[in-house]
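Please open the model in a viewer and keep the selection panel at hand. The tour below proceeds stop by stop, naming what to select and what is found there.

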Amino acid sequence: MGWFEPIKIVDKYNQIIEIRTAVGADAEVILAYNRAILSSESSYLLTVPEEYDMTVEMEREWIEETLNKEHSLILIAEEHGKVVGFLDFHSGNKLRISHTGYFGMSVRSDYQGGGIGKALLQALIDWAEKHRQIEKITLEVFANNSKAIELYRKMGFVQESLMRKQIKLQDGKYVDVIGMGLLLNPS
């Protein structure tokens with residue numbers, strides 16, 4: 001079951017941020033957060049606003065389904081009950097890749113640079129290290145997202161692949177995608 005013991009951090013702007021597991025009751029605030037991120041900060045996201053058609057009930061079902069999977073996790077970062085960051089992790093669904101998992105993460109632009117992304121990622125790594133089945137965490141990132149790539153490298157992730165012209169933007173321009181991975185407890 002994807003559960004993380006809540007923690008509180010003080011970000012670089014002296015704001016108290018709680019990082020905790022998302023639950024079904026958070027569906028409405030997570031949905032609002034995702035819509036806000038997509039409408040104002042989607043330059044590094046795969047999904048575009050027109051594609052995001054989740055309802056509160058669909059979001060609740062997705063959260064609860066993810067919570068019930070043994071090696072999956074959804075984390076939210078909150079300041080005074082307002083969602084300011086989000087991370088979801090899913091382990092491989094086939095036996096031969098069940099030791100791996102991938103994640104996606106976002107932080108509201110007005111909270112970026114304060115350490116929330118790093119705290120979310122560290123929370124994921126700490127959680128994964130307690131789940132011995134998970135040996136590797138992976139991600140894909142737009143090659144032009146230098147701040148995210150810098151954070152991932154600082155946290156120990158290494159580039160494992162480059163997918164050229166993987167993303168085609170609405171204006172016809174292409175963006176490469178970098179695949180990165182972190183081996184947990186390498187032997």
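Is Arg60 buried, partly exposed or exposed, judged by its relative accessibility? Arg60 counts as partly exposed, because its relative accessibility is 26%, a value between the 20% and 50% limits that separate buried from exposed. The model under inspection is a predicted one.

**Stop 1: helix 2 and its salt bridge**

Select Arg60 together with Glu57. The two residues form a salt bridge, in which the closest N and O atoms are 3.0 Å apart. Both belong to helix 2, and a separation of 3 residues places them about one turn of the helix apart. Glu57 is partly exposed as well, with a relative accessible area of 42%.

**Stop 2: the crossing of helix 1 and helix 2**

Now display helix 1 (residues 27-40) alongside helix 2 (residues 56-67). Their axes come within 9 Å and cross at roughly 105°. Helix 1 is therefore roughly perpendicular to helix 2, since angles of 65 to 115 degrees fall in that class. On the side of helix 1, the contact is made by Ala27, Glu28, Ile30, Leu31 and Asn34; on the side of helix 2, by Val56, Glu59, Arg60 and Ile63. Arg60 thus appears at this stop as a contact residue and at the previous one as a salt-bridge partner of Glu57.

**Stop 3: further salt bridges**

How many salt bridges does the structure hold? The total is 7.

Select Arg108 and Asp110 next. This pair forms a salt bridge with its closest N and O atoms 2.5 Å apart. Arg108 is partly exposed at a relative accessible area of 22%, and Asp110 is likewise partly exposed, at 47% relative accessibility.

Move on to Lys136 and Glu160, whose salt bridge has its closest N and O atoms 3.0 Å apart. This pair links distant parts of the chain: Lys136 lies in strand 6 and Glu160 in strand 7 (residues 158-168), 24 residues apart. Glu160 counts as partly exposed, with 44% relative accessibility. Then add Arg20, Asp26 and Glu78 to the selection; salt bridges that share partners join these three residues into one network.

**Stop 4: Thr100 in strand 5**

Lys136 also leads to the next selection, Thr100, which is found in strand 5 (residues 100-107). Beyond its neighbours within four places in sequence, Thr100 is in contact with Ser91, Gly92 and Lys136. Thr100 is classed as buried because its relative accessible area is 16%, under the 20% limit.

**Stop 5: Phe142 in strand 6**

Select Phe142, located in strand 6 (residues 136-142). Phe142 is buried, with a relative accessible area of 7%. Residues up to four places away in sequence aside, Phe142 touches Ser43, Tyr44, Leu45, Leu46, Ile149, Ile167, Val175 and Asp176. Draw a C-alpha to C-alpha distance from Phe142 to Leu45: the two are 97 residues apart in sequence and 8.1 Å apart in space.

**Stop 6: a buried charge at Glu79**

Centre the view on Glu79, in strand 3 (residues 73-79). Which side chain of opposite charge is nearest to Glu79, and how far away is it? Lys82 is the nearest, at 4.4 Å. Glu79 therefore has no salt bridge although it is buried, as the cut-off for a salt bridge is 4 Å. The side chain of Glu79 does have a polar contact of 2.4 Å with the side chain of Tyr111. Tyr111 is also among the residues that Glu79 touches outside its sequence neighbourhood of up to four places, together with Gln15, Ile16, Ile17 and Val84.

**Stop 7: two loop residues with positive phi**

Step from Glu79 to His80, which is placed in the loop between strand 3 and strand 4 (82-91). The phi of His80 is near 50°, a positive value in a residue other than glycine. His80 counts as exposed, at 78% relative accessibility.

Finally, select Asn14, in the loop between strand 1 (7-10) and strand 2 (16-21). Asn14 is not a glycine, yet has a positive phi of about 65°. Is Asn14 buried or exposed? Asn14 is exposed, because its relative accessible area is 66%, over the 50% limit.

Note on methods
Residues numbered from 1 in each chain as written. Predicted model: local features only at pLDDT ≥ 70, side-chain atom pairs only at ≥ 80, totals over all residues. Heavy atoms only, no water. Helix = DSSP H or I, 4+ residues; strand = E, 2+ residues; numbered from the N terminus. Buried < 20%, exposed > 50% of the residue type's maximum accessible area, 1.4 Å probe, protein only. Lys, Arg positive; Asp, Glu negative; His and termini not counted. Polar contact = N/O pair within 3.5 Å; in protein donor to acceptor, adjacent residues only side chain to side chain. Contact = heavy atoms within 4.5 Å. Axes fitted to C-alpha atoms, helices over the stretch in contact; angles between N-to-C directions. Parallel < 35°, antiparallel > 145°, perpendicular 65-115°, else oblique.
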